[in-house]
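Trainee: I have a structure open and would like to learn how to read its packing. Could we go through it together?
Mentor: Gladly; let's bring it up.

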Amino acid sequence: MLDAAFILMASFALLLVLGIPIGICIAASSVITIALVLPMDVALFTTAQKIFSSLDSFSLLAVPFFILSGVIMNSGGIAARLVNFAKLFSGRIPGSLSHTNIAGNMMFGAISGSAIAASTSIGGVLVPMSKKEGYRNSFAAAVNIASAPTGMLIPPTTAFILYALASGGTSIAALFAGGLVAGVLWGAGCMLVTFFIARRHGYHSKILTEKGTAWRVTWEALPSLLLIIVVVVGIVAGVFTAIEASAVAVVYTAFLTMVVYRSVSFGDLRGILIQSLVMTGIIMFLLGTSSVMSFAMAITGLPDVISSFILGVSENPVMILLIITVFLLIIGTFMDIGPAILIFTPILLPIALKIGVDPVHFGIFMVYNLSMGTITPPVGSGLYVGASVANEKVERILPSLLPFYGIIVLVLLLITLVPEVTLFLPRMLGL
């Protein structure tokens, strides 16, 4: 069995290094491994069965709806309104444009559900603007890259829906509430680093919101920001479920962009629906193949080996969580967050439960860890997209990113070692 587990990991790593799409890497390595344990015809039948059964879940309806609402908002010119709104809070603070970039990424990332969308939409506006104002280009790019993943934690986000599914029914509302705290802390940490660096280098923006426009800017941005409030408050108050909230989000964003802002026409809907369909298809394929890999791991006994190894290193809960942290940080550097959640939640959550970790706390901790992987070498997509937006080489940005990595890790340690930091809000809301 251990030989089969080794072949599973080795074949997956080899295919990944060869540049094969990750969904095919997962499927191919899993089928190869299952075929070593079961007859080929049974292995193929089991693979098809696992893919189908993993997608036969009512909870998954939320995924395409949230994707569609994000695409609508991304196509509706929301970024500029949020940038103007964020400027109201930066004022004359050192590095005001960078603070605006961080706040914009937090808001737009939450609305669109995508760190890449936030990095390109908000960063695409503010990084060139910062360069013109005398900010070092690598610093402006680092600010944009470091703050982009906050939207993967601030609700609504599909990552927590996937975790709830993989964990066997953890409260999505509680995950959303705790994720909001974690995402805000991440963004606040980036702002703290930005403040000290900007003050040291004398980065001050000459571009300020004109007097008397604060109400207009707020009024224009408020409908977009209300999406987060409508979804989170609606779920927490029991007005609708997370699945119903995703449909509400689609109706709300369609009304907002087509009627209120009039930035999306009926003619644009075809392209929006096609883009959403492609994104949904990719995620669903990853979901299906990830369930096959989970089965392949189960029949090879790999989860038990990993569990025994981690629990055998130490009986100290803090040490075990730190080991899991390092493991997830490594996984996050080369694997997308969706399949990583689906594959490793069934392996790591039982270990966490054995040492008394709350499943909501573990879900937030896990998504935070994996979100970091999107902006770290060698594969982090957010890192390379952010560098492309700034038209800067990655190796020139990395030194500027180091202080941000430091504060992000400190926040990670805080939410890992002090569970109440992220659990107080869900508990206060009775979730």
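Trainee: Which residues does Ile324 touch, not counting residues up to four places away in sequence?
Mentor: Keep in mind that this is a predicted model. Ile324 touches Ile310, Leu348, Ile351, Phe362 and Phe365.

Trainee: How should I read a cluster like that?
Mentor: In soluble globular proteins, nonpolar side chains tend to be buried together. Here the largest nonpolar core has 144 residues, and Ile324, Phe344, Leu348, Phe362, Tyr368 and Ile408 have the most contacts inside it. Helix α10, spanning residues 172–201, supplies the largest share of this core, with 13 residues.

Trainee: What does the radius of gyration tell me about the overall fold?
Mentor: It lets you compare the chain with a compact globule, which for 431 residues would have a value near 22 Å; the protein has 22 Å, so the two agree. Its architecture consists of 20 helices and 0 strands, and 55% of the 431 residues are buried. Of the contacts between residues at least 6 apart in sequence, 79% join residues at least 24 apart.

Trainee: And pockets: which residues line the second largest pocket?
Mentor: Start with the space, about 170 Å³, then look at the walls. The lining is made of Ser54, Leu165, Ala166, Leu287, Ser290, Ser291, Ser294, Leu342 and Pro346. Helices α9 (158–166), α13 (269–300) and α16 (337–354) each give two or more residues, and α13 has the largest share with 4 residues.

Trainee: How many of those lining residues are nonpolar, polar or charged?
Mentor: The lining of the second largest pocket has 5 nonpolar residues, 4 polar and no charged.

Note on methods. Residues are numbered from 1 along each chain as its sequence is written. This is a predicted model: local features need pLDDT of at least 70, side-chain atom pairs count only at pLDDT 80 or more; totals for chains, interfaces and linings use all residues. Side-chain values use heavy atoms; hydrogens and water are left out. A nonpolar core is a set of buried Ala, Val, Leu, Ile, Met, Phe, Trp, Tyr and Cys residues joined through side-chain atoms within 4.5 Å. Buried means under 20% relative accessible area, exposed over 50%, partly exposed in between (1.4 Å probe, protein chains only). Contact means heavy atoms within 4.5 Å. On a 1 Å grid over the protein atoms alone, a cavity is a set of points where a 1.4 Å probe fits but cannot get out, and a pocket is an open set with protein on both sides within 12 Å along at least five of seven lines; lining residues have an atom within 4 Å of a point. Grid points are joined across faces, edges and corners, and a volume is the space filled by probe spheres set on the points. Ala, Val, Leu, Ile, Met, Phe, Trp, Tyr, Cys and Pro count as nonpolar, Asp, Glu, Lys and Arg as charged, and the others, Gly among them, as polar. The radius of gyration is taken over C-alpha atoms; the globule rule is 2.2 Å times the number of residues to the power 0.38.
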